[in-house]
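Let's take a look at how one protein chain folds up. Have the picture open as you read.

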Amino acid sequence: MAIYPATTENIKKAAKILQTGNLVAMPTETVYGLAADALNPAAIKKIYALKKRPVTNPLIVHLHSAEQIEELTEANKQQIKTLERLKIFIPGALTVILPKSKKVPLDTTAGNQSIAIRIPSHPVAQELLKTVNLPLAAPSANLSTKVSPTSARHVLDEFGEDLFILDGGSSELGLESTVLSLLEDIPKILRPGIITLEMLQEVLGQVSFTTTTSTHSPGQMNLHYSPKTKLAFKKDISEITNLKTGYISFSKQENTSYVKHICLSENSDLQQVSAGLYAALREMDNAGLDLILVDDCEEKGIGKAIIDRLKRAIG
Ligand code: TXA
Ligand code: MG
């Protein structure tokens, strides 16, 4: 097994593996996912076991088109109307929470009567979803609480040679999808992402945003996305003595004295920062450092998602 280029033949192979109740890692435009048949409880259990994911943390179900949402949900009129408006972001980096239909096993939703749904735009994910002709549950393809993978290589480093990994190149966006709950009257962001609060407000009017740890979105646990090496915001550390320190900057820096320096963007372009952040955290984590320092940015637009992930990574 291991890494396979996403040819039509290999996508067919991946579909076979999924249809027989086994796992495949698939590329998406956000991060790589660890996919299984969302309607097969035995396959779902394999995801939880391999990721060491708490069984209380529900999975996102991936579909190839918005037309398929109806079958898996029991949306009311208001929710259907909201969903219609959200279609400008679909396919894309948006996950919506709706009441689930009977068809969806509780194993997939961690016992919740709601379901998280996303239609990824990545062409390989699209082709796989169409070929397999099943809804695919897919959390990020990393061990629970660790940094999400944005390349096939990251997935291999995490889970080894036994897993069938479809290689679709580096994930273009680099941060997990925005999770938006439509269960309340006012749509609520449970996890910020590249589809920002501002973008959603423009389309839906009122949208709420909660930064508290929520039992409804257990993925929003306080410690998440974390490297093994100690991580801190650069602005919070005043003096570094005798520590092998790495630095992830969001803009060009002249002559830094750090053991390792990764510059994610020359000019604080937050799209570039998002795209490269997880790969940088992994690279720093493998560099035998004592401390990783990282820049911060304004908590606005994509900056909200970047700071959210970094705060959780710091713990
Ligand atoms: O970009 C992404 O969303 C990636 C790619 C692979 O699609 N997937 C991903 O999955 O990040 P995961 O499992 O790492 O994160 C899923 C998030 C968690 O925060 C989880 O708690 C939340 O979605 N979630 C899933 N089902 C939910 C539900 N029924 N109610 C509330 N939150 C839910
Ligand atoms: Mg995850």
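Two strands count as a pair when DSSP finds at least two bridges between them. Keep in mind that this is a predicted model. Here, strand β13 (residues 245-249) is joined to β14 by four bridges, and the two run parallel. If you want a spot to look at, find S249, which sits opposite C263 in β14.

That pair belongs to something wider: an open sheet of four strands, in the order β12-β15-β13-β14, with parallel pairing. Which strands stand at the edges? They are β12 (230-233) and β14 (260-263); each has a single partner strand, so one side of each has no neighbour in the sheet. On average, neighbouring strands here are turned by 20 degrees against each other, ignoring direction.

Now add the helices. Helix α8 (residues 270-285) lies across β12, β13, β14 and β15 (291-294), at about 175 degrees to β14. Helix α9 (residues 302-314) lies across β12 and β15, and runs at about 135 degrees to β12.

Next, some backbone oddities. Most residues other than glycine have a negative phi, and most peptide bonds are trans. Two residues here that aren't glycine have a positive phi:

| Residue | Phi | Loop | Relative accessibility |
|---|---|---|---|
| K52 | near 55 degrees | between α2 (41-51) and β4 (60-62) | 64%, exposed |
| A110 | near 55 degrees | between β5 and β6 (114-118) | 23%, partly exposed |

And the peptide bond? From I90 to P91 it is cis, with omega near 0 degrees. You'll find P91 in the loop between α4 (77-86) and β5 (94-99).

Conventions
Residues numbered from 1 in each chain as written. Chains lettered and ligands numbered in written order. Predicted model: local features only at pLDDT ≥ 70, side-chain atom pairs only at ≥ 80, totals over all residues. Heavy atoms only, no water. Axes fitted to C-alpha atoms, helices over the stretch in contact; angles between N-to-C directions. Contact = heavy atoms within 4.5 Å. Buried < 20%, exposed > 50% of the residue type's maximum accessible area, 1.4 Å probe, protein only.
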